[in-house]
Amino acid sequence: MTAFPEVNQVVFEGPQSKNPLAFRHYNPTEVVEGKTMAEHFRFSAAFWHTMRGSGADPFGMGTMCRPWEGPVDDVENACKRVRVFFEFCQKMQIPFYCFHDRDVAPEGKNLAETNRNLDEVVKIFKEEQERTGIHLLWGTANLFGNPRYMHGAATSCNADSFAYAAAQVKKALEVTLELGGQGYTFWGGREGYTCLWNTDMKREVDHLAAFMHMAIDYAKEIGFQGQFYFEPKPKEPTKHQYDFDSAACINFLRAYGLQDYVKMNIETNHATLAGHSIEHELEYAAMQGFLGSIDANTGDMLLGWDTDQFPTDIYETTKIMLCLLKYGGFTTGGLNFDAKVRRESFSPIDLFYAHIGGMDAFAKGLKVAAEIRKSGELQQMVAERYASWETGIGAEIEKGTQNFKTLSEYMLAKGDVEGIVSGHQELYENVVNRYLF
Ligand code: XUL
Ligand code: CO
C-alpha cells in the first residue's frame, strides 16, 4: 500500500535538473565544511502541518485532499496516518520528525483514555522508526487547542488547567523518551495575556517557571536526557506572549534558574512577528550559548500574521546558514519545517514540492554561506571595522585595565575621537550578493 504512488524516492539530480520531484542542491552526502549536508541540516518534518494541516482558516473550512484519511478520527485512522507520514519522510529523505501529543492521537473521554490512545499510536511510531531509521527530533504537548486552556496552561488563572497541562507534559515526556526523542520543546501556546486588568502577570510568569522546573525534574527522574527547547513567539494567539523573543526568553530562563537546561528553538516567522529578523534572533541566542534548534518557515510581509509558509528565499537561508556555521551548527537540534502548504495547494503532491523547495533553498544557502566564509572577505571587512579594539586603548579596555578616570585622562590628552571610518553597508551588501548571483 502506498499513499504516494506518483513518487518514488526524491533524489539529488543537480542544479540543471528540471525534474520537480528531485533535489537541485540538497545532496545529503555532499560534504561542506567537513560535514555532510545531512549532518548540517538534520531536516525534520512537522507532523502537525504535514499530516494534520487541513487548510482551514478563519474564513473557510479545510480544503486538503488526503485520500488516506478515514471518515472518523479514531485510533485506527491515526495509526494509518503515521504509516503515511513515514512513507512521506522516507521518500523525501527527511531523517527526523517532530510532533505534538494531540496531533498524533485523538483525545478520549478522559485523560486516561487519551493516554491509552496515545500509547496505541506510539507503538506504530516505534515500528515505523525501526523500519525506516527515521528519528524523533523533539516532542511536545498541545497545551493550547482544548477549551480547558482558554486562559493558558501553565499560566492559567485556573489551577486545574495547570495540573492537567502537567499531566499532559508528563505523558508527552514519557512518550518522547520511549521514542528516543532528542529533545522536548515548550512553545507558549496561550502562555500570555490579552487584558492586563484581569491578569496577575507576576503570578503567571512564576507559574510558567515552576512548570518548566517540574518538567525538568520529571525528565531527570525517568532518565530523559534530551535537550529542552523554548520557542519564542511574540503574539498569536494571545496579544502579549511571555515568550516574546530570544531576549525575553533568555531573560526568563536566567531569572528562574533554567538556563542550564533549556536552549532556544527559533522560528523564522515568529522572529518576523516580533519585529526582528531570523538572523537577529539566531545570533542573539547563539552568542550566549542558547542556540538549540530551528523551526524553518517564512511569513508574508504583507499579511503580518503567522502564515507558516515554506522557506524559499535564498538570501534568507544564506543568512541563517552563515550564523549556524559561525556557531558550529546543531548538536541535538535540527531544521524542522514548521511550515504548511497553502490552502489552495490541496493535493498530496504539493507536500513534496513544498519540502523539496525548502530543502533546496537551505542547501543552496549553505553552499553560498560556505563560499563567503571560505574567502574570508566579510570577516576581514568586519575585523577592519573593529580594528581600534585590537591595540592601544581598545585592547586595554577589553582587558579590563581601564576605568572612567583613566579614560577621561586619555581623552583630555587626546582632545577628540580619531579614526572613525565609514560603515560601508552598501559595499557589504554588494559583496554578499556577489556570492549569490
Ligand atoms: C506555533 C508553533 C508551534 C511550535 C510547537 O506557532 O510554532 O507549532 O513549533 O508547539
Ligand atoms: Co514552531
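Two strands are said to pair if DSSP finds at least two bridges between them, and strands here are DSSP E runs of at least two residues, numbered from the N terminus. In this predicted model, strand 6 and strand 8 pair in the parallel sense over five bridges, with Thr 185 standing opposite Tyr 229 in strand 8. Strand 6 (residues 183–187) is mostly covered, since four of its five residues are buried, where buried means under 20% relative accessible area with a 1.4 Å probe, protein chains only.

Strand 8 (residues 227–231) also leads to the metal, for it contains Glu 231, a residue that is buried at 3% relative accessibility. The cobalt ion (ligand 2) has as its protein donors Glu 231 (OE), Glu 267 (OE), Asp 295 (OD) and Asp 338 (OD), at 1.9 to 2.1 Å; donors are N, O and S atoms within 2.8 Å of the metal (3.2 Å for Na, K and Ca), with water not among the atoms. Asp 338, buried at 6% relative accessibility, lies in the loop between strand 12 (335–337) and helix 12 (348–375), so that with Glu 231 it ties together parts 107 residues apart in sequence. The six donor atoms around the cobalt ion subtend angles of 80 to 169°, which makes the arrangement octahedral, a term that requires opposite donors over 155 degrees apart and all others between 65 and 115.

As for sources, this is a predicted model in which local features need pLDDT of at least 70 and side-chain atom pairs count only at pLDDT 80 or more, while totals for chains, interfaces and linings use all residues. Residues are numbered from 1 along each chain as its sequence is written, chains are lettered from A and ligands numbered from 1 in the order in which they are written, and side-chain values use heavy atoms, leaving out hydrogens and water.

Note on methods
Tetrahedral: all angles 85-135°; square planar, octahedral: opposite > 155°, others 65-115°. Buried < 20%, exposed > 50% of the residue type's maximum accessible area, 1.4 Å probe, protein only.
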